[in-house]
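Here are some notes for a colleague who is meeting this structure for the first time. Please read them with the sequence and the model side by side.

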Amino acid sequence: MNDVILNAQGADIDGGLRVIGYGISTLGPGLGIGIVAGKTVEGMARQPEMAGQLRTTMFLGIAFTEALALIGLVAGFIL
C-alpha cells in the first residue's frame, strides 16, 4: 500500500520537473530570437539599403531557432 502511495507522489514530482525543465529550456531559443532580431535592427540602422536582405535572413534565423524549441517539446513527450 505504501509503495503505491510513494509511486503516485513520485510520478507527480517527475511530471512537475519535466514541465519546469521545458520551461527552462525555452530560455535558449527565446534569447536566440532576441539576439537575432536585435542584431537585424542594428544592421538596418547602419545600412538601410540592406533592410530587405537582412529581414529575410532574420526570418530564417528565427525559424531555425524556433526549431530548437519544437525539438525540445517533442523530446519532452517522447521521453
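1. Leu 17 counts as exposed, because its relative accessibility is 54% and the threshold for that class is over 50%. The residue lies in helix 1, and, as everything in this note rests on a predicted model, its exposure should be read as a computed value for that model.

2. Leu 17 also belongs to a nonpolar surface patch of about 540 Å², which it makes together with Ile 20, Ile 24, Leu 27 and Leu 31. Two helices, helix 1 (2-25) and helix 2 (27-46), each supply at least two residues of this patch, and helix 1 gives the most to it, with three residues.

3. For the overall fold, the secondary structure of the chain comes to three helices and zero strands, and reading along the sequence gives the pattern α-α-α. The chain has 79 residues, of which 10% count as buried. Its accessible surface comes to about 6,100 Å², with 72% of that area belonging to carbon and sulfur atoms.

4. Thr 40 deserves a separate look. This residue is found in helix 2, and it is classed as buried because its relative accessible area is 8%, where the class requires a value under 20%. A polar atom of the Thr 40 side chain lies 2.8 Å from the backbone oxygen of Val 36. When neighbours within four places in sequence are left aside, Thr 40 is in contact with Leu 54, Arg 55 and Met 58.

5. Which residues form salt bridges with Glu 42? A search of the whole structure finds two salt bridges. In one of them Glu 42 is paired with Lys 39, the closest N and O atoms being 3.9 Å apart, and in the other Glu 42 is paired with Arg 46, where the closest N and O atoms are 3.5 Å apart. Because these salt bridges share partners, Lys 39, Glu 42 and Arg 46 are joined into one network.

6. The spacing of these charged residues can be followed along the helix. Glu 42 and Lys 39 are separated by about one helical turn, because they are three residues apart in helix 2. Arg 46 and Glu 42 likewise both lie in helix 2, where they are four residues apart, about one turn of the helix.

7. The members of the network can also be described by their accessibility. Lys 39 is exposed, with a relative accessible area of 55%, and Arg 46 is exposed as well, with a relative accessible area of 65%. Glu 42, in contrast, is partly exposed, because its relative accessible area is 36% and that class covers the values between the limits of 20% and 50%.

8. Two further residues are worth checking for their separations from parts of the chain that are distant in sequence. Thr 26 has its place in the loop between helix 1 and helix 2 and counts as partly exposed, at 31% relative accessibility. Its C-alpha atom is separated by 9.4 Å from that of Glu 66, although the two residues are 40 residues apart along the chain. Gly 28 has its place in helix 2 and counts as partly exposed, at 45% relative accessibility. The C-alpha atoms of Gly 28 and Thr 65 are separated by 8.7 Å, while these residues are 37 residues apart along the chain.

Key:
Residues numbered from 1 in each chain as written. Predicted model: local features only at pLDDT ≥ 70, side-chain atom pairs only at ≥ 80, totals over all residues. Heavy atoms only, no water. Patch = residues over 30% accessible without salt bridge, like charges linked within 9 Å, V, L, I, M, F, W, Y side chains within 5 Å. Areas by Shrake-Rupley, 256 points an atom, 1.4 Å probe, with all protein chains shown as cover. Salt bridge = Lys/Arg side-chain N within 4 Å of Asp/Glu carboxyl O. Buried < 20%, exposed > 50% of the residue type's maximum accessible area, 1.4 Å probe, protein only. Polar contact = N/O pair within 3.5 Å; in protein donor to acceptor, adjacent residues only side chain to side chain. Contact = heavy atoms within 4.5 Å.
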